[in-house]
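Here's a quick tour of a protein chain for anyone just getting started with structures. Take a look at it first, then we'll go through it topic by topic.

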Amino acid sequence: MNRIWKYLPSFILWVLAFYFLSERAVYRYQHMGAGVDIGLFENLFFWIVQDGKAITSLGLDGTLHHYFADHINWYIYPISTIYYFFPFVESLLIFQAFVISFPILLFPFFGNQKSFRWVYSTLYALFLPIYWIQIFDFHPEVLWIPLFFLFYLFWEKKSKLWILFFILSLLTKEETCFVWIVFSFLQRKEYPKESIFIAIVSSLYFIVSIGLLVYFHNQFQTNTPAHLERYSDPLSALNKIHLFPFLILYLNLPFLFLSFRSPLMICLVPYLLYSIFSQYEVNKTPFTHHSFITIPIVFLSYVKSLENLNWNRKKYIFGVSILVSMILFIFYGPISKSYSYRKEYLNREVSVNDYQILRNLLPNETIVSNVPQYLSNRKEIQLHLPNNSSSAHYYIFYQWKNDFNPIDHPIGYILQSSIENHIFIFKRQKID
């Protein structure tokens, strides 16, 4: 009975967090608020399930390419089995919600103090960045979050299982190698052999990853991979430095900036540089999936910073942290109207009929569209890019509410029909 009471609070918190993460993401998707990335991964999984090829026509420059020409993430293969049995985008979002919320169930195992039973679980369940990651489409690299927590759990317990989760975490994305290299440097005195192992494996894996990126980039003759293109002009990226304080604020305010007392935060220096010198706005805000790499490190740094404090000081800090987290959650979390940093993405006035119509529209046909993420359950689907020609049989245009601009359609397409006056179907003219 004591064991049940030990884990029950964390389980209840996990259920609540899992519900909010799942429901809000599915709601946004079904109300036409999803971005192109979720279509990219559905199209990718569709190809893997149908032909066993990790290719997609979404992302990069809109041409067919191997996913490894953009990022190296080996989990696309096992995740495709979920799509095989449940071929719906909602199943991917629910899986991602489980992955992101899973650490809540781990915190009771991190120590024997009573505080570990519910305080850390509560703080994580209220942590806004995990919710913003979830509604910013689907990204398999979020597996890094529970894998790093599991690694650190066994690292602290001096169990050899840390090796397993270290290797598994490396496979989530090539940029995690930098975190591990810094981590090995921090641990070099206390754990010299283990540090050398981590540094060597991380460095070798990064070299292999770069090799794979270059190979598939050349094989499919794509443009510069997006993750390299964003650093082509690092000086101009500094013009958007004003966005960076929000990233620091929302990641650390719930923890009262105490995370900075832990050396573990140094692991995020590569992420800091990555964010500052990127020209993309999404790399400088806490509202996208790009903050995934920070979540376990910031959280565990907070835990480590309180390790040697007496219980009375801990109680005071825990109380303030929970209060701050609750205020942020209430006013900016999933129960508020300000949940998305772009409020129109929730599209409360849009009916789910639009989503259902698009999902079942012209099955097996080749399509180019301004909303390809809702037509990605087929092999050939492209995002309509201005001034780009297309050979797709149909062009599907979705007109948003209060959008009265002329319909921008590719050259060579004629209007065939419309559905409810805002879904327009154009057919490609045959050239004799």
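Helices (H or I, at least four residues) and strands (E, at least two) are DSSP runs, numbered from the N terminus. With that naming in hand, you can place Asp137 in the loop between helix H6 (128-135) and H7. Keep in mind that this is a predicted model.

**The overall picture**

- The protein chain has 17 helices and seven strands.
- Of its 432 residues, 53% are buried.
- If you take the contacts with a separation of 6 or more, 72% of them come from residues 24 or more positions apart.
- About 20,100 Å² of the protein chain is exposed, and carbon and sulfur atoms supply 63% of that area.

**Helices H8 and H9**

- Two packed helices are described by the angle between their axes and the distance between the axes.
- For helix H8 (residues 161-170) and helix H9 (residues 176-186), the axes come within 9 Å and cross at roughly 145 degrees.
- On the H8 side, the contact is made by Phe166, Ser169 and Leu170, while H9 brings in Thr176, Cys177 and Trp180.
- Sort the residues of this contact by type and you get four nonpolar, two polar and no charged.
- Which residues of H9 are buried? They are Thr176, Cys177, Val179, Trp180, Val182, Phe183 and Ser184.
- Those buried residues of H9 pack against helix H7 (144-156), H8, helix H10 (192-220), helix H14 (269-276) and helix H15 (295-305).

**Salt bridges**

- Side chains of opposite charge can pair when their charged atoms come close.
- How many salt bridges does the count come to? The count is seven.
- One of them joins Glu42 and Arg359, with the closest N and O atoms 2.5 Å apart. This pair links distant parts of the chain, as Glu42 sits in helix H2 (residues 36-51) and Arg359 in helix H17 (residues 352-359), 317 residues apart.
- Is Glu42 buried or exposed? Its relative accessible area is 0%, so Glu42 is buried. Arg359 counts as buried too, because its relative accessibility is 12%.
- Lys173 also forms a salt bridge, with Glu175, and here the closest N and O atoms are 3.7 Å apart. Lys173 counts as buried at 1% relative accessibility, and Glu175 counts as buried at 12%.
- Lys173 and Glu175 aren't on their own: a network of salt bridges links them with Glu141.
- Lys304 pairs with Glu307 in another salt bridge, with the closest N and O atoms 3.1 Å apart. Lys304 is partly exposed at 23% relative accessibility, and Glu307 is partly exposed with a relative accessible area of 39%.

**Two residues with a positive phi**

- Most residues other than glycine have a negative phi.
- Asp137 is not a glycine, yet its phi is positive, at about 70 degrees. Asp137 is buried, with a relative accessible area of 7%.
- Asn364 isn't a glycine either, and it has a positive phi of about 70 degrees. You'll find Asn364 in the loop between H17 and strand E3 (367-369).
- Is Asn364 buried or exposed? Its relative accessibility is 73%, so Asn364 counts as exposed.

**A nonpolar patch on the surface**

- Leu323, Met326, Ile327, Ile330, Phe331, Tyr332 and Ile335 make a nonpolar surface patch of about 680 Å².
- Phe331, one of the patch residues, lies in helix H16 (residues 311-332).
- Why does Phe331 count as exposed? Its relative accessible area is 52%, and exposed means over 50%.

**Two more residues to look up**

- Ile94 belongs to helix H4 (residues 89-101). It is partly exposed, with a relative accessible area of 38%.
- Leaving aside residues up to four places away in sequence, Ile94 touches Phe18 and Ser22. The C-alpha atoms of Ile94 and Phe18 are separated by 8.3 Å, though the two residues are 76 residues apart along the chain.
- Gln399 is in the loop between strand E5 (394-398) and strand E6 (413-419). With a relative accessible area of 16%, Gln399 is buried.
- Which residues does Gln399 touch, not counting residues up to four places away in sequence? They are Phe404, Asn405, Asn421, His422 and Phe424.

Methods. Residues numbered from 1 in each chain as written. Predicted model: local features only at pLDDT ≥ 70, side-chain atom pairs only at ≥ 80, totals over all residues. Heavy atoms only, no water. Axes fitted to C-alpha atoms, helices over the stretch in contact; angles between N-to-C directions. Contact = heavy atoms within 4.5 Å. Nonpolar A, V, L, I, M, F, W, Y, C, P; charged D, E, K, R; others polar. Buried < 20%, exposed > 50% of the residue type's maximum accessible area, 1.4 Å probe, protein only. Areas by Shrake-Rupley, 256 points an atom, 1.4 Å probe, with all protein chains shown as cover. Patch = residues over 30% accessible without salt bridge, like charges linked within 9 Å, V, L, I, M, F, W, Y side chains within 5 Å. Salt bridge = Lys/Arg side-chain N within 4 Å of Asp/Glu carboxyl O.
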